[in-house]
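Me: I'm new to reading protein structures. Could you walk me through this one, a question at a time?

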Amino acid sequence: ESGGSYLQVGFSYQKPQDPVTQPAAQASVTEEVYVPDKKLAVPDDMITPKTEKHYKIIEKTAGFLSTQNLQTELVIRTKQKDNPQFHFLEPEHELNPFYRHVLSAIKRKVLVVKSEAKPKPAGPTEAE
């Protein structure tokens, strides 16, 4: 049984000739326009990320930092200073107020980061 599981992974070391062969889900997440969830209650004048992908980075970072101290945020900000996807951690960045809003929502349990939820084991259930 375990020998056949590798055949299910659609991976090729050769460069794909046709861009259509790329997974559609991956492409849609990167370019999908971000629309704030109503329960997040984003103020009308607050600048939000343009893409769903950038929102996910902000959400995941805020979810992680919601359980850490300010020192950890400073370390991440310093390590990621050359990465434009993390510039929202800089206090003067236009997305910093949005990041702070998401962080506050997570701390208040208004927003639950999906990665925090414990997935159920994929094995057989007790009912089987």
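Me: Let's begin with helix 3. Which residues of helix 3 are buried?
Reply: Happy to help, and keep in mind that this is a predicted model. Helix 3 spans residues 70–79. A residue counts as buried when its relative accessible area is under 20%. In helix 3, the buried ones are Thr72, Glu73, Ile76 and Arg77.

Me: Where do those four sit around helix 3, and what arc do they cover?
Reply: An α-helix has 3.6 residues a turn, so residues three or four places apart point the same way. The buried residues of helix 3 lie on the same side of it, because the arc they cover around the axis is only 135°.

Me: Which exposed residues are on the face of helix 3 turned away from its buried side?
Reply: To count as exposed, a residue needs over 50% relative accessible area. On the face of helix 3 that points away from the buried side, the exposed residues are Gln71, Thr78 and Lys79.

Me: Which helices are included in what covers the buried residues of helix 3?
Reply: Here we look for contacts, meaning heavy atoms within 4.5 Å. Among the parts that cover the buried residues of helix 3 are helix 2 (52–65) and helix 4 (96–107).

Me: At the start of helix 3, which backbone nitrogen does a side-chain oxygen of Asn69 reach?
Reply: Look at the start of helix 3, where Asn69 offers a side-chain oxygen. That oxygen comes to within 3.1 Å of a backbone nitrogen, the one of Gln71.

Me: Glu73 is one of the buried residues. Which residue in helix 4 does Glu73 meet in a salt bridge?
Reply: The side chain of Glu73 takes part in a salt bridge with an N to O distance of 2.6 Å. This pair links distant parts of the chain, with Glu73 in helix 3 and its partner in helix 4, 27 residues apart. Glu73 is buried because its relative accessibility is 4%, whereas the partner is partly exposed at 32%. That partner is Arg100.

Me: Which residues are joined with Glu73 into one network of salt bridges?
Reply: Glu73 also forms a salt bridge with a residue of helix 3 that lies four residues away, about one turn of the helix. In that second bridge, the closest N and O atoms are 3.8 Å apart, and both residues are buried. Since Glu73 and Arg100 meet in a salt bridge too, the shared partners make one network of Glu73, Arg77 and Arg100.

Me: How many salt bridges does the structure hold?
Reply: Another of them lies in helix 2, between Lys56 and Glu59, with the closest N and O atoms 3.7 Å apart. These two are about one helical turn from each other, because they are three residues apart in helix 2. Lys56 is partly exposed at 32% relative accessibility, while Glu59 is buried at 6%. The count for the structure is four.

Me: Now for aromatic rings. What is the angle between the planes of Phe88 and Tyr99?
Reply: A pair of aromatic rings is described by the distance of the centres and the angle of the planes. Phe88 lies in the loop between helix 3 and helix 4 and Tyr99 in helix 4, so their pair ties together parts eleven residues apart in sequence. Phe88 is buried, with 0% relative accessible area, and Tyr99 is also buried at 0%. The pair is tilted, with the centres 5.3 Å apart and a plane angle of 50°.

Me: Which residues do ring pairs link into a cluster?
Reply: A search of the whole structure finds five aromatic pairs. Ring pairs link Tyr34, Tyr55 and Phe98.

Me: Which residue in the segment after helix 4 has a positive phi?
Reply: Ala41, in the loop between helix 1 (24–31) and helix 2, has a positive phi of about 50° although it is not a glycine. In the segment after helix 4 there is another non-glycine residue with a positive phi, near 65°. This one is exposed, with a relative accessible area of 67%. Its name is Lys109.

Me: To finish, what pattern does the chain follow along its sequence?
Reply: The chain has 128 residues, of which 27% are buried. It contains four helices and zero strands. Read along the sequence, the pattern is α-α-α-α.

Technical notes: Residues numbered from 1 in each chain as written. Predicted model: local features only at pLDDT ≥ 70, side-chain atom pairs only at ≥ 80, totals over all residues. Heavy atoms only, no water. Buried < 20%, exposed > 50% of the residue type's maximum accessible area, 1.4 Å probe, protein only. Arc of directions from axis to C-beta. Polar contact = N/O pair within 3.5 Å; in protein donor to acceptor, adjacent residues only side chain to side chain. Phe/Tyr/Trp six-rings, centres within 6.5 Å; stacked < 30°, edge-to-face > 60°.
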